[in-house]
Amino acid sequence: MTRHVTVGLDNSPGGPAAARWAAGEAALRGVPLHLVHVQEWPTTPEIPQTLTQSLVERYEALLRDTADRARRDHPGLDVTTELVRGRAVDELTRAANEAEVTALGSRGLGRLLGFLIGSVSLGVVAKTRSPVVLVRPQETDATASSEVPSGGRPGIALGLDVSHPCDPLLAFAFEQAARRGAALQVVHSWSLPATYTYAAILDPDVGSGLGQHAARTLTDMLRPWRAEFPQVDVSETLVTTPPAGELVQASQGADLVVVGRRSSRPVGPHVGHVTHAVIHHSSAPVAVVPYE
């Protein structure tokens, strides 16, 4: 498998945004960009051949124009295109599994309401074995480019659950921060177990001790990654509030929010409630990274 970045392209407002993000990411990684559009309509006698041909020509033109723009924006970038027929979720999942990272567009409802993520994007996120980045339509200006360093602000926000090993998630976040020259804010939410509630009322130090333990656990988990990426400015944020809300707040002005999806759940493809909330309400692109 060759190294490349893929973007699932359509004519929705999020399509060009995803393509621009993916082109910047491919340029940063020094790998080719692959544009994919999936024809999902059936070919039957009820659908006139002239209509089918017209749609094919329209999407071929979309792929061609998008590829030309990526080459103009990033001279020397190798860009390929693919027009395939099939079920969009299946074909995009296949393409995503062959890529280092895949970008998909998401229809926006505005900064306050957040994402209205389509069933195709959510289906790909839930099934793929590789990271998928969801990009809002307004993430097309220069400040949201995949290439722009953060200038000291928390350019990458990472949601981390210290109770599970998640090396792929940490690797993706640290590599993104190092590649962009961005700071990395790591957010971890902890809470008292239900059995501690009464004890915490009687002795407030119980909660303080558990908070200190959570902080030490987070620091210990990050220590080897700090050593591997000494150039990355890392900050640690521990909260007792729901993690999704903290990550949505951290997304304000961020370059990217990184969240995980456990791929070993016995119930099949699934997006956890925190990840689901973040991808619906983040004001920045959201990378969903699967891990065991």
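What is the handedness of the crossing of H3 and H4? The crossing is right-handed, and the views below place these two helices within the predicted model.

**View 1. The whole protein, shown as a predicted model.** The secondary structure consists of 9 helices and 12 strands. Of the 292 residues in the protein, 49% are buried. Among contacts with a separation of 6 or more, 79% join residues 24 or more positions apart. The protein exposes about 13700 Å², and carbon and sulfur atoms supply 55% of that area.

**View 2. Helix H3 packed on helix H4.** H3 covers residues 88-97 and H4 covers residues 119-127. Their axes lie 9 Å apart and form an angle of about 45°. Angles from 35 to 65 degrees fall outside the roughly parallel and roughly perpendicular ranges, and H3 and H4 are therefore oblique to each other. The H3 side of the contact is made by Ala-88, Val-89, Asp-90, Leu-92, Thr-93 and Ala-96. On the H4 side are Ser-119, Val-120, Gly-123, Val-124 and Lys-127. Sorted by class, the residues of this contact are 6 nonpolar, 3 polar and 2 charged.

**View 3. The surroundings of helix H3.** H3 is mostly covered, with 8 of its 10 residues buried. The buried residues are Ala-88, Val-89, Glu-91, Leu-92, Thr-93, Ala-95, Ala-96 and Asn-97. They pack against strand E1 (5-8), strand E2 (33-39), strand E3 (79-85), E4 and H4.

**View 4. Thr-93 in helix H3.** Is Thr-93 buried or exposed? Its relative accessibility is 7%, so Thr-93 counts as buried; the cut-off for buried is under 20%. Apart from neighbours within four places in sequence, Thr-93 is in contact with Val-124, Lys-127 and Thr-128. Two of these residues, Val-124 and Lys-127, also appear on the H4 side of the contact between H3 and H4.

**View 5. The cover over helix H4.** Within H4, the residues Ser-121, Gly-123, Val-124, Val-125 and Ala-126 are buried. Their cover includes H3 as well as strand E4 (101-105), strand E7 (132-135), strand E11 (256-262) and strand E12 (286-291). Val-124 is thus named among the buried residues of H4 and among the residues that meet H3.

**View 6. Helix H8 packed on helix H9.** H8 runs over residues 243-250 and H9 over residues 273-281. The two helices pack at an angle of about 30°, and their axes are 9 Å apart. Because angles under 35 degrees count as roughly parallel, H8 is described as roughly parallel to H9. The crossing of H8 and H9 is right-handed. From H8, the residues Pro-243, Ala-244, Leu-247 and Val-248 meet Val-274, Ala-277, Val-278 and His-281 of H9. By class, 7 residues of this contact are nonpolar, 1 is polar and none is charged.

**View 7. Leu-28 and Arg-180.** Leu-28 belongs to helix H1, which spans residues 14-29. How far apart are the C-alpha atoms of Leu-28 and Arg-180? They are separated by 7.9 Å, although the two residues are 152 residues apart along the chain. Leu-28 has a relative accessibility of 26% and therefore counts as partly exposed.

Key:
Residues are numbered from 1 along each chain as its sequence is written. This is a predicted model: local features need pLDDT of at least 70, side-chain atom pairs count only at pLDDT 80 or more; totals for chains, interfaces and linings use all residues. Side-chain values use heavy atoms; hydrogens and water are left out. Helices (H or I, at least four residues) and strands (E, at least two) are DSSP runs, numbered from the N terminus. Buried means under 20% relative accessible area, exposed over 50%, partly exposed in between (1.4 Å probe, protein chains only). Contact means heavy atoms within 4.5 Å. Accessible areas come from the Shrake-Rupley method with a 1.4 Å probe; for residues, only the protein chains shown count as cover. Axes are lines fitted to C-alpha atoms, for helices over the stretch in contact, and angles run from 0 to 180 degrees between N-to-C directions. Angles under 35 degrees count as roughly parallel, over 145 as roughly antiparallel, 65 to 115 as roughly perpendicular and the rest as oblique. A crossing is left-handed if the near helix is turned anticlockwise from the far one by less than a right angle, and right-handed if clockwise. Ala, Val, Leu, Ile, Met, Phe, Trp, Tyr, Cys and Pro count as nonpolar, Asp, Glu, Lys and Arg as charged, and the others, Gly among them, as polar.
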